[in-house]
Amino acid sequence: MTTPDTLLTFSPHQAQTVMAVFDRMFPADQDPGANEIGATRYLDRALDGEYEDQRRWYRLGLDALDRNAEDAYGAPFAECAADEQDALIARLEDGDLSNFRTPPQEEFFDLLHQHLTEGLFADPAYDGNKDTQGWKVLGHPGVYLENSAEENLSDEPVTKDGKYQSMADLGYDPDDSGDGGPPDIEGYDPQAGAKEANDEADIVMVGMGAMGGLVAPVLAEAGLDVVALEAGPWRTTDEYLPDELGSAYYCRAKMGPKFDREIPQWRRNEDEETTEASFSLGRMMNSVGGSVIHYGAWLRRFHPHHFRHRSFVEEQWGEDVLPDNCTLADWPLSYDDLEPYYTRVEHEIGVSGGDKNPYVTRSKPLPNPPLRPFTLGEAFIDVTEDMGLNPFTVPVGVNSQPYDGRSGTTYTAWNSGFGGFNDAKWHPGLTHIPRALETGNFDLRTHCRVVRVLTDDEGEACGVEYLDPNDERKTQTAANVILCSYTFENIRLMLHSTDEHHPDGLGNNTGQVGKHFMTKMFSDVSGYFPETVWNRHTGPAAQGIILDDYVSAEFDSVEHGFVGGTTLSAENQYLPIEISQESLPDDVPRWGQAYKDHLREWNQWGAVRIQSTNLPYSTNYIELDPSHTDESGEGMPVLRITYDLRENERRLHTFFRNKAEEILEEMGATKTWGAPAFTGVGSSHDLGGCRMGEDPEESVVGPDLEVHDTPGLYVYSGAAFPNCPGINPTLTMWAMCLRAAEQLVENVDS
């Protein structure tokens, strides 16, 4: 083996060891192996940059691997025979090597596997995937920002005429992103964050992401004086790279640095030690416009019975069917209360979709037609209709045609997890925040991190304390404070902000902040189709077909042994690293020849996604961690999440895994396999913790989202949700917050 030229972090011996490991994990055959593709070169350079803090683990781990090789076979790992190397790797994966305590063996294997797949399948800009050879092994053509209707429905592999295209081919360079600077938008001053705080405002908004961005013009156009403090920048399209490794939220997620510095601690129960939260789907973005910049853009309505879920269960089956410790509650709002706001948001955004969902009534059709059909979706429709079900095209915040001055989608697979390349995917930084700025009543200050909510002598909210871009501590006073960050940050600020009236945190005088927390589980069931290619790389995840039958009021879940339901769906979008890190059939190992053979069949994998209802429980909750702080320099406690999937939800998942397998087999799958039911907290659908309700003893905010025990403080967030049905929550959050903003305007005016 020839070590890479100009090693930056590894010694020659360490490089030889890594090369030997990687060549066994992804061996050469008719296609090149790991090191010909450049995996070790990639890792050597990554440890000199993004993964610098992992050098120590590699030094200790490689040394321990060598010691075990010497003990077992009388030679360092790189000089052992192939079968001996395989035996050592297998023992490492199982945690069975001797005197190998740090790093933990299974975690070190996971790290090796992660870095191997990145070196094989990340863009060549990162010094792996030499000459796009990793993509060639897969037969994945790489970075294409447009696909045709014919390609979406092709029954032959879509290869782009054999041209494998990288970011460099399109003129993108990760090192040069963002050179355009802040946007030139009337009313926005990128230097405003460092100015002195304003005199007392009518409203100070904490976070200018998805929720704050949508309601900002409602407040500003009503003539209210609004100050908005956003911890991130205002990003522009030159920062939105088709860079799976750097951008995607299942990889490095570079656009969420603040979020990554304050990751919650997690444990399954009170007797367990905590670890950093593991994310089943998604990490938050820090930016004007928020995480909807890189979301999958599914915008679905809850059903009417979801707003009275506790009453519905009791009327249908009786209270006794609810699991022990379940705290399911009704909303203080109804579907009819939110329907006008659902409709208004759909039309302001330009939602694309049809009207074939029989379980949801609209006062007005969606403004744009559905995204076009794709092969997997058409097969899913045919089979589920034959089963007597009602599949429909998912409504999405992606333009199927030009709308409101923004382009139609070009059907790129580089979409969910990425900022939009042509503004076809809506976020509030495109329309609503500029509208607010036009009023002259809206002072947007970026790079400003709020660290405390302030209260007056009566215990009423009166402003916030924040750090400006120069880390100077400042105070912005206001008659009203709206927390419109993500669920985690809203709860953390409330618990961290104490006073003599709220010794345990704002909103927490009855001990309800952080309670009834729910995190959405996503789990895929995949199938192998030897006679079919799906070409899931020819479009975005916004191309989806879904079933609401199993979350409808007509579905008798208790008959099947659980309370709750699930939506089952088929969607597009498949990217190289994603493919390499998918769940595997039981008979396929995570490395070696069989693993490589399996990956080459990716275009014949079809999948059904399970998105489940999760009930709230008294045993699932959030609090401030007593011993861990964030990495911001402020030393604020991170959150500690105590959460596990309960038996009711495990029975639910088993039932729907079997249902998904049935659908896949009817579609022609000869083999099926599923992902785990639960992989950890943090799914981008994290709900509850500031429950909405009329009774302050059982909730944190009222129907107008004002905190019961802290007048003038509002929580515009999914944290207010009383329940978590198996439906994407974003549209319902927007409708709820838009209604609350209009009520706030009325109250201030009166």
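Where is Ser154 found? That's my way into this structure today, and please keep in mind that we're looking at a predicted model.

Okay, so Ser154 is in the loop between helix H8, residues 149-152, and strand E1, residues 201-206. Is Ser154 buried or exposed? The cut-off for buried is under 20% relative accessible area, and Ser154 has 17%, so Ser154 is buried. Now look at who is around. If we skip the neighbours within four places in sequence, Ser154 is in contact with Thr375, Val533 and Asn535. Take Thr375: along the chain, Ser154 and Thr375 are 221 residues apart, yet their C-alpha atoms are separated by 7.2 Å. There's also a partner close by in the sequence: a polar atom of the Ser154 side chain lies 2.8 Å from the backbone oxygen of Glu156.

Let's move to the sheets. One of them is an open sheet of six strands, and if you walk across it you meet E5-E12-E13-E14-E11-E17, with antiparallel pairing. At the edges stand E5, residues 391-393, and E17; each has a single partner strand, so one side of each is left without a neighbour in the sheet. From one strand to the next, the twist averages 25°. If you're new to sheets, here's the background: strands pair through backbone hydrogen bonds, either parallel or antiparallel.

Let's zoom in on strand E11, residues 522-528. How many of the residues of E11 are buried? Seven of the seven, so E11 is largely enclosed by the rest of the structure. In a regular strand, side chains alternate between the two faces of the sheet. Now put that next to E11: Phe522, Asp524, Ser526 and Tyr528 are on one side, Ser523, Val525 and Gly527 are on the other, and both sets are buried, which leaves both faces of E11 covered.

Who does E11 pair with? With strand E14, residues 605-612, E11 makes seven bridges in the antiparallel sense, and there Tyr528 stands opposite Trp605. With strand E17, residues 671-674, the pairing is antiparallel again, over four bridges, and Ser526 has Trp673 as its bridge partner in E17.

Staying with E14, have a look at Ala607, which lies in that strand. Its relative accessible area is 7%, so Ala607 is buried. Leaving aside neighbours within four places in sequence, Ala607 touches Leu376, Val525, Ser526, Arg536, Ser569, Ala570 and Leu664. E14 also pairs with strand E13, residues 566-571, in the antiparallel sense over four bridges, and Thr566 is matched with Ser612 in E14.

Helices lie against this sheet too. Helix H19, residues 647-667, packs on the sheet and touches E11, E12, E13, E14 and E17, with its direction making about 150° with that of E14. Then there's helix H14, residues 375-386, which lies across E5, E12, E13 and E14 and runs at about 20° to E12.

Next sheet. This one is open as well, with four strands in the order E4-E3-E16-E15 and mixed pairing. Its edge strands are E4, residues 275-276, and E15, residues 621-629, each pairing on one side only. E15 and E16, where E16 covers residues 637-642, pair in the antiparallel sense over five bridges; as an example, the bridge partner of Ile622 in E16 is Ile641. Helix H16, residues 487-496, lies across E15 and E16, at about 115° to E16.

Last stop: two helices that pack together. H1, residues 12-25, and H6, residues 105-121, meet at an angle of about 75°, with their axes 11 Å apart. The two are therefore roughly perpendicular to each other. What meets what here? From H1 we have Val21, Phe22 and Met25, and from H6 we have Phe109, Leu112, His113 and Leu116. Sorted by class, that contact has six nonpolar residues, one polar and no charged ones.

And a quick extra before I sit down: helix H12, residues 309-317, has His309, Arg310, Ser311, Phe312 and Val313 as its buried residues. Just after H12 comes Gly318, which takes a positive phi of about 95°. Okay, that's my tour, thanks!

Methods
Residues are numbered from 1 along each chain as its sequence is written. This is a predicted model: local features need pLDDT of at least 70, side-chain atom pairs count only at pLDDT 80 or more; totals for chains, interfaces and linings use all residues. Side-chain values use heavy atoms; hydrogens and water are left out. Axes are lines fitted to C-alpha atoms, for helices over the stretch in contact, and angles run from 0 to 180 degrees between N-to-C directions. Angles under 35 degrees count as roughly parallel, over 145 as roughly antiparallel, 65 to 115 as roughly perpendicular and the rest as oblique. Contact means heavy atoms within 4.5 Å. Ala, Val, Leu, Ile, Met, Phe, Trp, Tyr, Cys and Pro count as nonpolar, Asp, Glu, Lys and Arg as charged, and the others, Gly among them, as polar. Buried means under 20% relative accessible area, exposed over 50%, partly exposed in between (1.4 Å probe, protein chains only). Two strands pair if DSSP finds at least two bridges between them. A polar contact is a pair of N or O atoms within 3.5 Å; within protein, one must be able to donate a hydrogen and the other to accept it, and residues adjacent in sequence count only if both atoms are side-chain atoms.
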